[in-house]
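Open the model in your viewer and keep the sequence panel visible. The stops below go from one selection to the next.

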Amino acid sequence: MSGNLVHGGAVISCPHGGRAVSTAAAGTGVRIDGLPAVTAADLFTVSGCPHTVGGRPQPCTSVRWTAAARSDDVTIDGVPVLLDTSAAMCFSAGLVPQGPPVVAPVHQGVSSR
């Protein structure tokens, strides 16, 4: 496993600048810095994508993650957690691939005593 864990507060966007938000992350009981952990089973919707093709709007509307399940992966209820390095693709409403999402560097929590 290589990469940082993604949580419900991570800033994820489509390649055109639309904002991707997890619609299911609130359901997990696992928290990272107080925010829900995100798994490959969570759904992501994109809003505000300005992408056009031939002058016609073709905005990204969803992100689909393809986190491979390997024996050394961290899982929640058997589903792989998402890392900032996990493979994903943004799609239009017609399920046309639009490019990979951009995951902003994830804040790495520092414990203090």
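Which residue in β8 is the bridge partner of Thr 45? Select Thr 45 and look across to β8: the partner there is Ser 62. Keep in mind throughout that this is a predicted model.

**Strand β5 and its neighbours**

Now select residues 44–47, which make up strand β5. Phe 44 and Val 46 lie on the covered face of this strand, while Thr 45 and Ser 47 are on the uncovered one. Add residues 60–65, strand β8, which runs antiparallel to β5 and is joined to it by two bridges. Then add residues 19–22, strand β2: four bridges link β2 to β5, and this pair is antiparallel as well. Within it, Ser 22 of the chain stands opposite Phe 44 in β5.

**The nonpolar cores**

Next, show side chains for Ile 12, Phe 44, Val 46, Val 63 and Trp 65. These have the most contacts inside the largest nonpolar core, a set of 16 residues. Strands β5, β8 and β11 (88–92) are the elements that give two or more residues to this core. The largest share, three residues, comes from β8.

Centre the view on Trp 65. Beyond residues up to four places away in sequence, Trp 65 touches Ile 12 and Phe 44, and also Leu 82, Leu 83, Ser 86, Ala 87, Ala 88, Pro 101 and Val 103. Another core, of five residues, lies apart from the largest one; select Ile 32, Ala 37, Ile 76 and Val 81, which are among them.

**Asp 42**

Go to the loop between β4 (35–36) and β5, where Asp 42 is found. Is Asp 42 buried or exposed? Asp 42 is buried, and it has no salt bridge. The nearest side chain of opposite charge belongs to Arg 31, 10 Å away. Display the backbone of Thr 39 too: the side chain of Asp 42 reaches the backbone nitrogen of that residue at 2.9 Å.

**Thr 52**

For the last stop, select residues 52–53, strand β6, which contains Thr 52. Why does Thr 52 count as partly exposed? Its relative accessibility is 44%, so Thr 52 falls between the limits of 20% for buried and 50% for exposed. Leaving aside neighbours within four places in sequence, Thr 52 is in contact with Pro 57 and Gln 58. To finish, draw a distance from the C-alpha atom of Thr 52 to that of His 16: these residues are 36 apart along the chain, and the separation is 9.7 Å.

Terms used. Residues are numbered from 1 along each chain as its sequence is written. This is a predicted model: local features need pLDDT of at least 70, side-chain atom pairs count only at pLDDT 80 or more; totals for chains, interfaces and linings use all residues. Side-chain values use heavy atoms; hydrogens and water are left out. Buried means under 20% relative accessible area, exposed over 50%, partly exposed in between (1.4 Å probe, protein chains only). Contact means heavy atoms within 4.5 Å. Two strands pair if DSSP finds at least two bridges between them. Lys and Arg count as positive and Asp and Glu as negative; His and the chain ends are not counted. A salt bridge is a side-chain nitrogen of Lys or Arg within 4 Å of a carboxyl oxygen of Asp or Glu. A polar contact is a pair of N or O atoms within 3.5 Å; within protein, one must be able to donate a hydrogen and the other to accept it, and residues adjacent in sequence count only if both atoms are side-chain atoms. A nonpolar core is a set of buried Ala, Val, Leu, Ile, Met, Phe, Trp, Tyr and Cys residues joined through side-chain atoms within 4.5 Å.
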